[in-house]
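Please look over the sequence and the structure shown below before reading on. The report that follows goes through them one topic at a time.

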Amino acid sequence: MPASVTHSASPPTSPPAAAEGPVLHVCTTCRRGGPAMENPPGAQLLERLQTVLEASPQPITLRPVACLAACDRGCTAAIAMPGRWTWLLGHLGPEKAEDLLAYAKLYAASAKGTVMPSRRPASLSDMILGRVPAAEQEPS
């Protein structure tokens, strides 16, 4: 599996500029508390996200990661963008890929990375596990 998959009209840069959209780090080892398996739900989530983005390209960068240390709340992902909060997201799965990408678009359009619960897709009502402020952001 590639270290980074970028789905945007422009070639990838490192790190992505704010105008290019968010980075969605997806835990590929998450297995939702189940036994070890060859293709865990976290890897299935990444595959579904890749499929959806190939069909409808958006300026979202997918980055597979081996572990986000929230195993009891898997599948997990983290969304980040310069100057915005980074959010740790859980209770995800391949069936929520489209809604997760809809959330990513709302996140990218926000000023500081906060998407109010009333604006999130209903299937993601319990996904927020935590947040980390941007390095240049004042704590609130």
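## Two cysteines

At 6% relative accessibility, C30 counts as buried because the limit for that label is under 20%. C27 is buried as well, with a relative accessible area of 2%.

A search of the whole structure nevertheless finds 0 disulfides. The sulfur of C30 has its closest cysteine sulfur in C27, at 3.1 Å, which is too far for a bond, because a disulfide requires a pair of cysteine sulfur atoms within 2.5 Å.

## Confidence in the model

This is a predicted model, and the protein chain averages a pLDDT of 84, with 82% of the residues scoring at least 70. Over residues 1–19, however, the pLDDT is below 50, although this stretch has 34 contacts in the model beyond its near neighbours in sequence.

## The overall chain

The protein chain holds 2 helices and 6 strands, and, read along the sequence, these elements follow the pattern β-β-α-β-β-β-α-β. Of the contacts in the protein chain with a separation of 6 or more, 69% are accounted for by residues 24 or more positions apart.

Of the 140 residues of the protein chain, 42% count as buried. The accessible surface of the chain comes to about 7,200 Å², and 57% of this surface belongs to carbon and sulfur atoms.

## Helix 2 and its two sides

Helix 2 is made of the 13 residues 97–109, which at 1.5 Å a residue should span 18 Å, and this agrees with the 19 Å between its end C-alpha atoms.

Which residues of helix 2 are buried? They are A97, L100, L101, Y103, A104 and Y107, and they lie on the same side of helix 2 because they cover an arc of only 155° around the axis. A general rule helps in reading such a pattern: an α-helix has 3.6 residues a turn, so residues three or four places apart point the same way. On the other side of helix 2, K105 and A109 are exposed.

What covers the buried residues of helix 2? The cover comes from several parts of the chain, including helix 1 (41–55) and strand 2 (23–27), together with strand 3 (60–65), strand 4 (77–80), strand 5 (86–89) and strand 6 (128–132).

Note on methods:
Residues are numbered from 1 along each chain as its sequence is written. This is a predicted model: local features need pLDDT of at least 70, side-chain atom pairs count only at pLDDT 80 or more; totals for chains, interfaces and linings use all residues. Side-chain values use heavy atoms; hydrogens and water are left out. Buried means under 20% relative accessible area, exposed over 50%, partly exposed in between (1.4 Å probe, protein chains only). pLDDT is the predictor's confidence in each residue, from 0 to 100. Contact means heavy atoms within 4.5 Å. Helices (H or I, at least four residues) and strands (E, at least two) are DSSP runs, numbered from the N terminus. The expected span of a helix is 1.5 Å times one less than its number of residues. The arc is that of the directions from the helix axis to the C-beta atoms. Accessible areas come from the Shrake-Rupley method with a 1.4 Å probe; for residues, only the protein chains shown count as cover.
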